[in-house]
Amino acid sequence: MTITHITVPGRWAEGTGLVLGPALLLAGVLLRLGADDFFPGQLAAYAADPGRMVLSYSLYAAGAVLLWPAVTALGRVIGAAHPALARWGVTLAVLGLFGRVFHAGVSHLAFQLVDALGPDAAQRVVAGTYGAFHVFKAVNVCIMGGWLVLAVGAFRTRAFGAGPVGVARCVALAPAAGLPLGVLKGSSDPIALAALAGLAVALVPMGVAVLRTGPAPRWWALALTLALVPVAFFVGMAG
């Protein structure tokens with residue numbers, strides 16, 4: 001069998017992930033400002049304003065998913081000179097993103113408990129099961145380690161440029177390792193907000209550069225992609 005090396009998932013997916021991934025994470029956290037960052041406060045905020053909290057957590061989950069093509073784009077640049085750093089960084093970071101998406105699903109279920117049982121009963125259920133075992137506990141260290149390895153790799157390869165701005169963007173990427181992880185974490189404390197801002201500073205300019213490199217997509221491909229979004233939602237809601 002012959003293996004052909006191609007760019008996956010491609011320039012448009014990677015550029016979109018680099019731009020929208022950090023932006024959606026930051027937007028999701030800013031929407032929940034004012035609520036206590038631990039689960040009792042998050043559940044209370046949902047009971048008081050469910051629409052705001054659903055939108056907040058949905059944006060955050062979407063941002064976490066979109067970071068995987070962003071990570072592959074950065075890994076490809078790092079891998080040109082330091083393939084080992086690229087392999088470790090991308091693998092750890094993507095495993096960590098799987099963990100964040102799992103946490104988002106559990107958080108979604110916890111919010112449904114508020115609707116089904118009421119806020120007090122939902123808080124008792126979450127409190128009684130918060131430390132329950134799940135296989136994704138093993139990726140917690142990946143969530144933290146992946147971004148550190150990528151930051152080191154970006155610095156070693158000058159992935160963001162060789163001048164002071166490039167170095168600053170490498171430094172800005174590293175604090176993403178400190179983003180709170182787990183179920184119903186508000187992540188609106190100053191340290192988390194600084195980490196998310198740093199993620200945007202590091203990745204968004206790279207995403208703009210990626211999207212501007214090469215030809216624009218064909219009009220029918222763009223129209224088809226936009227049309228598939230509501231169709232996907234409809235099919236998903238239909239079960």
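What follows is a conversation between a biologist and a modeller about how the descriptions of this predicted model are reached.

Biologist: Before we start, what are the ground rules for this model?

Modeller: This is a predicted model, in which local features need pLDDT of at least 70 and side-chain atom pairs count only at pLDDT 80 or more, while totals for chains, interfaces and linings use all residues. Residues are numbered from 1 along each chain as its sequence is written, and side-chain values use heavy atoms, with hydrogens and water left out.

Biologist: Happy with that! What makes up the secondary structure of the protein chain?

Modeller: There are nine helices and zero strands. Helices here are DSSP runs of H or I with at least four residues, strands are runs of E with at least two, and both are numbered from the N terminus. Read along the sequence, that gives α-α-α-α-α-α-α-α-α.

Biologist: How do you know whether the radius of gyration of the protein chain agrees with that of a compact globule?

Modeller: The radius is taken over C-alpha atoms, and the globule rule is 2.2 Å times the number of residues to the power 0.38. For 239 residues the rule gives a value near 18 Å, and the protein chain has 19 Å, so the two agree. Along its principal axes the C-alpha trace spans about 55 × 40 × 40 Å.

Biologist: Now to helix α1. How do you know what its 21 residues should span?

Modeller: The expected span is 1.5 Å times one less than the number of residues. For residues 11–31 that comes to 30 Å, and the end C-alpha atoms are 30 Å apart, so α1 agrees with the expectation.

Biologist: And where does α1 bend?

Modeller: At G17, by about 30°. The bend at a residue is the angle between axes fitted to the seven residues ending there and the seven starting there. Helix α3 also bends by about 30°, at W68, with a proline, P69, following within four residues. Helix α3 has 30 residues and reaches 43 Å from its first C-alpha to its last, close to the 44 Å expected.

Biologist: L67 sits in α3 too. Why does L67 count as buried or exposed?

Modeller: Buried means under 20% relative accessible area, exposed means over 50%, and partly exposed lies in between, with a 1.4 Å probe and protein chains only. L67 has 2% relative accessibility, so L67 counts as buried.

Biologist: Which residues does L67 touch, not counting residues up to four places away in sequence?

Modeller: They are G21, P22, L25, L97, W147, L199 and L203. Contact means heavy atoms within 4.5 Å. Of these, G21, P22 and L25 are among the buried residues of α1, and what covers the buried residues of α1 includes α3 and α8. L67 and L18 are 49 residues apart in sequence, yet 6.7 Å apart in space, C-alpha to C-alpha.

Biologist: What makes a set of residues a nonpolar core?

Modeller: The members are buried Ala, Val, Leu, Ile, Met, Phe, Trp, Tyr and Cys residues joined through side-chain atoms within 4.5 Å. The largest core has 35 residues, of which L74, W147, L150, F160, L173 and L203 touch the most other members. Helices α1, α3, α4, α6, α7 and α8 each supply at least two residues of this core. A second, separate core of 14 residues includes A35, A45, A110 and V126.

Biologist: How many disulfides does a search of the whole structure find?

Modeller: Zero. A disulfide is a pair of cysteine sulfur atoms within 2.5 Å. As for individual cysteines, C142 has 8% relative accessibility, so C142 counts as buried. C170, at 4%, therefore counts as buried too.

Biologist: One last puzzle. Which phi does R158 take, just after α6?

Modeller: A positive one of about 55°, although R158 is not a glycine. R158 is in the loop between α6 and α7, and its 39% relative accessibility is why R158 counts as partly exposed. S187, in the loop between α7 and α8, has a positive phi of about 60° and is not a glycine either. With a relative accessible area of 3%, S187 is therefore buried.
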